[in-house]
Amino acid sequence: MHPFADSTLTLLTSGYAWAPGLRRRHGDGPAVPARLMGRPALLLHGPAAVDFFYDERHVLRHGALPGPVLDTLFGRGAVHTLDGETHRVRKELFTTRLMTPDGVDDLGRLAREHWLRTVDGLRGRRAVLFDEMAVALAAAVCEWSGVPVADGAAVRRLAEDCVAMVDGFATPGPRHWKARRARSRQEAALARAVADVRRGAVALSSGDRPTVLEAVAAHRDADGTPLDLHTAAVELLNVLRPIVAITWFTTFAAHALHHFPAVREELRADHGRYARAFAHEVRRCYPFVPFVGGLAARDLRFDGQDVSEGTLVLLDVPGHHRDPGLWPEPNRFDPRRFLGREPGPGELIAQGGGNARTGHRCPGEDITVHLLATLAATLPGLGLDLPDQDLGIPVGRIPTRPRSGVIVRVPSRSRPEE
Ligand code: HEM
């Protein structure tokens, strides 16, 4: 294809295969020109690209994300779309509330409790792990964040809506419209919850720190003003939705444990260091975020190529994790490559690169790794059995997952060893 032919349609139809295909046609270089959404674009790859992309003097976010992505995945006015001081002050809301080790531990404990309770409720039955895990995560995050939910049906609705927002952001058609409806519904409910906190209609938390709901309700932006109700709801959803989305990774974890019995045995034997290494390897090996993007802040050069101001700059995520120049035997699933060490800032970029406090790197990475490790560590001991099913992971679908969602048969009784 001509490098300047618009590849939006190809991206929508070939999914995760788009970026590797484009790179292959251009000799697998670190910067490949393209055109997306009617705009000149440049697909970057490799460690130098990560440093370049996460330098705010090079790449800005305002105006970079298309409307259909904002109206489903992130929300209008979200932290993802801000730059400079405005971004840094909004980001503190996430980093100070979410990065405390106690907060992460509390959420991990709640997620484990809700998940094990869910499994107990499914004894003797078949279930789709992806769906049930999403509900357990939704229940945990509501309890943790102080977001009120009326009953179990409301928790299930929240889980389904959060899944829909992620599932429908990169596709036209019914999945996309479902995602928009899900966002509208949850934004309205969360705006009401923030309004209730502000007018003192709900009791404040009794703990030593405010809940996430209270922190969002009280937050002031760089100009000193509180968030309007819509933006407050958007940012609350930017906590709730991605925590529910950890169900994608836990489903991939179940897929990996099914395919690699030796890994399953190692995880059964070591729920600590190995579980964390396993979580990193799941994030490396399974495709979720296809790329991250922004706009060139001014006329620039990268790897000898001119990048004119306003060019859509994309950073290749799955390709980075499968690059043989960066990973020995990249196609081998081997948690031991992370055993006893944390990945460096530009090494594993499943949740972005650079610095989470000052840049756009995901503030929920500690939560993701901790919850994924904690929940995956429960799986080998639950005696779950996987009947015949389609565990294929289609590359043409963004975001992808095992087609069956991983169907499990839950034993009637827990095993004696548990
Ligand atoms: C940003 C991935 C979980 C909250 C991001 C970015 C990625 C990402 C790729 C963008 C980086 C960039 O634009 O350069 C993921 C994945 C997750 C996950 C794959 C696993 C489910 C979470 C969790 C939270 C969270 C658990 C909150 C509890 C956010 C927020 C941003 C963000 C607020 C915007 C940061 C900014 O623009 O400064 N995430 N994330 N994410 N993530 Fe996550």
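Me: A residue is near a molecule if one of its heavy atoms lies within 4 Å of it. In this predicted model, which residues of the 28 around the ligand come nearest?

Reply: Tyr-54, Arg-61, His-87, His-360 and Cys-362 come nearest.

Me: What makes the approach of Tyr-54 to the ligand a polar contact?

Reply: The test is a pair of N or O atoms within 3.5 Å. A polar side-chain atom of Tyr-54 sits 2.4 Å from a ligand oxygen. That value is under the cut-off, so the pair qualifies.

Me: How do you know that His-87 and Lys-91 pass the polar-contact test?

Reply: Set each distance against 3.5 Å. For His-87, a polar side-chain atom is 2.7 Å from an oxygen atom of the ligand. For Lys-91, a side-chain N or O atom is 2.9 Å from a ligand oxygen. Both distances are within 3.5 Å, so both pairs count.

Me: Which elements give two or more residues to the shell around the ligand?

Reply: Helices H5 (84-98), H11 (229-244), H12 (246-259) and H16 (365-378) do.

Me: How many residues of each class does the shell have?

Reply: The shell has 17 nonpolar, 9 polar and 2 charged residues. Note the sorting rule: Tyr and Cys count as nonpolar, and Gly as polar.

Me: What makes Cys-362 a donor to the iron atom of the ligand?

Reply: A donor is an N, O or S atom within 2.8 Å of such a metal. The SG atom of Cys-362 is 2.3 Å from the iron, and it is the single donor from the protein. The distance is within the cut-off, so SG qualifies.

Me: Where does Cys-362 lie?

Reply: Cys-362 is in the loop between helix H15 (318-321) and H16.

Me: Now the whole chain. How many helices and strands are there?

Reply: The chain has 16 helices and 9 strands.

Me: Why is the chain called as compact as a globular protein of that length?

Reply: Its radius of gyration is 21 Å. The globule rule gives 22 Å for 418 residues. The two values are close, so the description holds. The C-alpha trace spans about 65 × 55 × 40 Å along its principal axes.

Me: What share of the chain is buried, and what share of contacts joins residues at least 24 apart?

Reply: Buried residues are 53% of the 418. Among contacts between residues at least 6 apart in sequence, 71% join residues at least 24 apart.

Me: Why are Gln-186 and Glu-187 called buried?

Reply: Buried means under 20% relative accessible area. Gln-186 has 8%. Glu-187 has 12%. Both values are under the cut-off, so both residues are buried. Gln-186 lies in helix H9 (residues 174-198), and Glu-187 is found in H9 too.

Me: What do Gln-186 and Glu-187 touch, not counting residues up to four places away in sequence?

Reply: Gln-186 touches Arg-157, Leu-158, Asp-161, Met-165 and Leu-237. Glu-187 touches Gly-75, His-230, Ala-233, Val-234 and Leu-237.

Me: How do you know that Leu-257 is buried?

Reply: Leu-257 has a relative accessible area of 4%. The limit is 20%, so Leu-257 is buried. Leu-257 belongs to helix H12. Its contacts beyond four places in sequence include Val-263, Phe-278, Ala-376 and Pro-380.

Me: Met-37 or Val-406: which is buried and which is partly exposed?

Reply: Met-37 has 42% relative accessibility. Buried is under 20% and exposed is over 50%, so Met-37 falls in between and is partly exposed. Val-406 has 0%, so it counts as buried.

Me: What marks the backbone of Met-37 and Val-406?

Reply: Neither is a glycine, and each has a positive phi: about 50 degrees for Met-37 and near 70 degrees for Val-406. Met-37 lies in the loop between strands E1 (31-36) and E2 (39-44). Val-406 lies in the loop between H16 and E9.

Me: Which peptide bond is cis?

Reply: The bond joining Ile-398 and Pro-399 is cis, with omega about -5 degrees. Pro-399 is in the loop between H16 and strand E9 (407-409).

Me: Why is Leu-391 called buried?

Reply: Leu-391 has a relative accessible area of 13%, under the 20% limit, so the label fits. Leu-391 lies in the loop between H16 and E9. Among the residues Leu-391 touches are His-255, His-258, His-259 and Val-406.

Note on methods:
Residues are numbered from 1 along each chain as its sequence is written. This is a predicted model: local features need pLDDT of at least 70, side-chain atom pairs count only at pLDDT 80 or more; totals for chains, interfaces and linings use all residues. Side-chain values use heavy atoms; hydrogens and water are left out. A polar contact is a pair of N or O atoms within 3.5 Å; within protein, one must be able to donate a hydrogen and the other to accept it, and residues adjacent in sequence count only if both atoms are side-chain atoms. Helices (H or I, at least four residues) and strands (E, at least two) are DSSP runs, numbered from the N terminus. Donors are N, O and S atoms within 2.8 Å of the metal (3.2 Å for Na, K and Ca); water is not among the atoms, so sites may look incomplete. The radius of gyration is taken over C-alpha atoms; the globule rule is 2.2 Å times the number of residues to the power 0.38. Buried means under 20% relative accessible area, exposed over 50%, partly exposed in between (1.4 Å probe, protein chains only). Contact means heavy atoms within 4.5 Å.
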